[in-house]
Amino acid sequence: MFKENLFFFILFLAHFQAVIIPIICAFKSYKKFKDIKNNFFIPFGFAFLGLASMFEMIDHTQTDWIYIDHSSFYNWLFYSFLSLGLTCLSISVIKKKLTLGINFFLSFLSISTYLLIDKTVSLLFQILISIFLIINWQRFFKDWVFILYPIFGIIFTTFFGTNLSVSDNQIWHIFIGPSGAISVLTFYFVLIRYEKRRT
């Protein structure tokens, strides 16, 4: 019983910090990074990522905190706000209206296809959103620290999630939230480093 309670507590903390860290980054980004063209999207990007994690936590309450690969309303909200968060961060550094439109359209497709077609199709658009984000940010910031985003935000979270789905061992569930939080902090550190270079 003690081990089960301890595991639940650690699992809860792993998810809770994934909500709090992006929200803190959102507040700290408010009215900052004025050298970036669409800087007003940055706090929204972080806030949406925090909301995504919050809806993931709510979704877990429906399954007694046991990871189940399923589709649900809260799971849709999780992916929707994840899509919006990554899109807002991506377009914060974009100047061309066409590229802005493409990013918004991909986010719309990701959100709508989850409901209209299938979660798997939605995930394909999420991948495209992440690719555009990596291209846009690396082109703009040219910062080696940004390599941490695809490592922790894509490779590690996919690795942990795949192991969780295949093995059904809930221990992998603990690592997904912190890995995602590191990727969020990577965005913020890149922004801070950019601001310091500009002063």
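Of the contacts in the protein chain between residues at least 6 apart in sequence, what share join residues at least 24 apart? The share is 72%. Keep in mind that this is a predicted model.

As for the fold, the protein chain has 7 helices and 0 strands, and reading along the sequence gives α-α-α-α-α-α-α. Its radius of gyration is 17 Å, close to the 16 Å from the globule rule for 199 residues, so the chain is as compact as a globular protein of that length. The C-alpha trace spans about 55 × 35 × 25 Å along its principal axes.

Here are some whole-chain values for burial and surface.

| Feature of the protein chain | Value |
|---|---|
| Buried residues | 47% of the 199 residues |
| Exposed area | about 10,900 Å² |
| Exposed area supplied by carbon and sulfur atoms | 73% |

On the charge side, you'll find 16 positive and 10 negative side chains. The centres of those two sets sit 21 Å apart.

Now zoom in on helix α4, residues 97-116. At 1.5 Å a residue, its 20 residues should span 28 Å, and the end C-alpha atoms are indeed 28 Å apart, which agrees. Quite a few α4 side chains belong to buried residues: among the buried ones are Leu-100, Leu-106 and Leu-109, along with Asn-103, Ser-107 and Ser-110. Ser-112, Thr-113 and Tyr-114 are buried too. An α-helix has 3.6 residues a turn, so residues three or four places apart point the same way. What covers the buried residues of α4? The cover includes α3 (73-91) and α5 (119-141).

Methods. Residues numbered from 1 in each chain as written. Predicted model: local features only at pLDDT ≥ 70, side-chain atom pairs only at ≥ 80, totals over all residues. Heavy atoms only, no water. Helix = DSSP H or I, 4+ residues; strand = E, 2+ residues; numbered from the N terminus. Rg over C-alpha atoms; globule rule 2.2 N^0.38 Å. Buried < 20%, exposed > 50% of the residue type's maximum accessible area, 1.4 Å probe, protein only. Contact = heavy atoms within 4.5 Å. Areas by Shrake-Rupley, 256 points an atom, 1.4 Å probe, with all protein chains shown as cover. Lys, Arg positive; Asp, Glu negative; His and termini not counted. Charge placed at Lys NZ, Arg CZ, Asp CG, Glu CD. Expected span 1.5 Å × (residues − 1).
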